[in-house]
Amino acid sequence: MSDSLKINVMLIPDSGLHLAFSEGAEWFTGLFPADGQPGFRLMQADVECLVTKSGETIYIRGTLHVRLCMDCSRCLEPADLTVGGDFTYTLVPDQMETSDDLELCAEDLEIVGYKGDFIDLAPMICEQIVLLAPMKVLCGQDCRGLCPCCGENRNVVTCNCQTGIVDERLAVLKKFKINNQQKG
Ligand SMILES: [Zn+2]
Ligand SMILES: [Zn+2]
């Protein structure tokens, strides 16, 4: 599947090349070293993009829909989420990268160099997926997380220590107030 993301520059027609493809977990993990995997699992990435060429400069405009699986930041159970977004890249042959014209607009555009007749979309798609992934996710807005006392998942188990902790804190607070009043 991964080879389908390699494009022969010479074969891009004047009207542009329209691509649509899906990639999964195996493809994504293969793009990272074993000890440098991202903090989420890719379930599926659906990509649509239009590749156009002007001289030797190649423009890529695309849309990405991604299903991810991450551990809920409160209860640590796997949580699915869907993210999406648009992206653009401009590719120039490597020897052109330092030209003055391109440096001027480098701030606004993602400019990537390419060598030879092939460009590989995989690193760009991968970069976009990483950018779309949030740092934290909740399995639900009402996730009650893990009990700080016994470590049970409070979405699943109602432990007895929960109220104990709250009471204890209140008790400390009450005692603190009483002590201060006595001093004052
Ligand atoms: Zn949760
Ligand atoms: Zn507990």
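The largest nonpolar core of this chain has 37 residues, and those with the most contacts inside it are Ile58, Ile60, Leu68, Leu121, Ile125 and Ile129. Strands S2, S3, S4 and S5 each supply at least two residues of this core, as do helices H1 and H3. A helpful rule of thumb applies here: in soluble globular proteins, nonpolar side chains tend to be buried together. It should be kept in mind that the model is predicted.

Helix H3 is a good place to look at this core from the inside. It spans residues 122–132, and its buried residues are Ala122, Met124, Ile125, Cys126, Gln128 and Ile129. These buried residues pack against helix H1 (25–29) and against five strands: S2 (17–24), S3 (41–54), S4 (57–71), S5 (78–93) and S7 (118–120). Ile129 gives a close-up of this packing. Leaving aside residues up to four places away in sequence, Ile129 touches Trp27, Phe28, Phe40, Leu42, Ala45, Leu64, Val66 and Leu68.

Stepping back to the whole chain, the secondary structure comes to 4 helices and 7 strands. Along the sequence, these elements follow the pattern β-β-α-β-β-β-α-β-β-α-α. Of the 184 residues in the chain, 31% are buried. Among contacts with a separation of 6 or more, 57% join residues 24 or more positions apart. The chain exposes about 12000 Å², of which carbon and sulfur atoms supply 53%.

Two zinc ions complete the picture. For the zinc ion (ligand 1), the protein donors are the SG atoms of Cys72, Cys75, Cys139 and Cys143, at 2.3 to 2.4 Å. Along the chain these donors follow the spacing C-x2-C-x63-C-x3-C. Why is the arrangement around the zinc ion (ligand 1) called tetrahedral? The 4 donor atoms subtend angles of 104 to 113°, and four donors count as tetrahedral because all angles lie between 85 and 135 degrees. For comparison, the ideal angle for four tetrahedral donors is 109.5 degrees. Both Cys72 and Cys75 are buried.

The zinc ion (ligand 2) is held by the SG atoms of Cys147, Cys150, Cys159 and Cys161, which lie 2.1 to 2.3 Å from it. Here the spacing of the donors is C-x2-C-x8-C-x1-C. This site is also tetrahedral, with angles of 107 to 115° among its 4 donor atoms. Are Cys150 and Cys159 buried or partly exposed? Cys150 counts as partly exposed because its relative accessibility is 39%, whereas Cys159, with a relative accessible area of 13%, is buried.

Conventions: Residues are numbered from 1 along each chain as its sequence is written. Chains are lettered from A and ligands numbered from 1 in the order in which they are written. This is a predicted model: local features need pLDDT of at least 70, side-chain atom pairs count only at pLDDT 80 or more; totals for chains, interfaces and linings use all residues. Side-chain values use heavy atoms; hydrogens and water are left out. Donors are N, O and S atoms within 2.8 Å of the metal (3.2 Å for Na, K and Ca); water is not among the atoms, so sites may look incomplete. Four donors count as tetrahedral if all angles lie between 85 and 135 degrees; four count as square planar and six as octahedral if opposite donors are over 155 degrees apart and all others between 65 and 115; anything else is irregular. Buried means under 20% relative accessible area, exposed over 50%, partly exposed in between (1.4 Å probe, protein chains only). Contact means heavy atoms within 4.5 Å. A nonpolar core is a set of buried Ala, Val, Leu, Ile, Met, Phe, Trp, Tyr and Cys residues joined through side-chain atoms within 4.5 Å. Accessible areas come from the Shrake-Rupley method with a 1.4 Å probe; for residues, only the protein chains shown count as cover.
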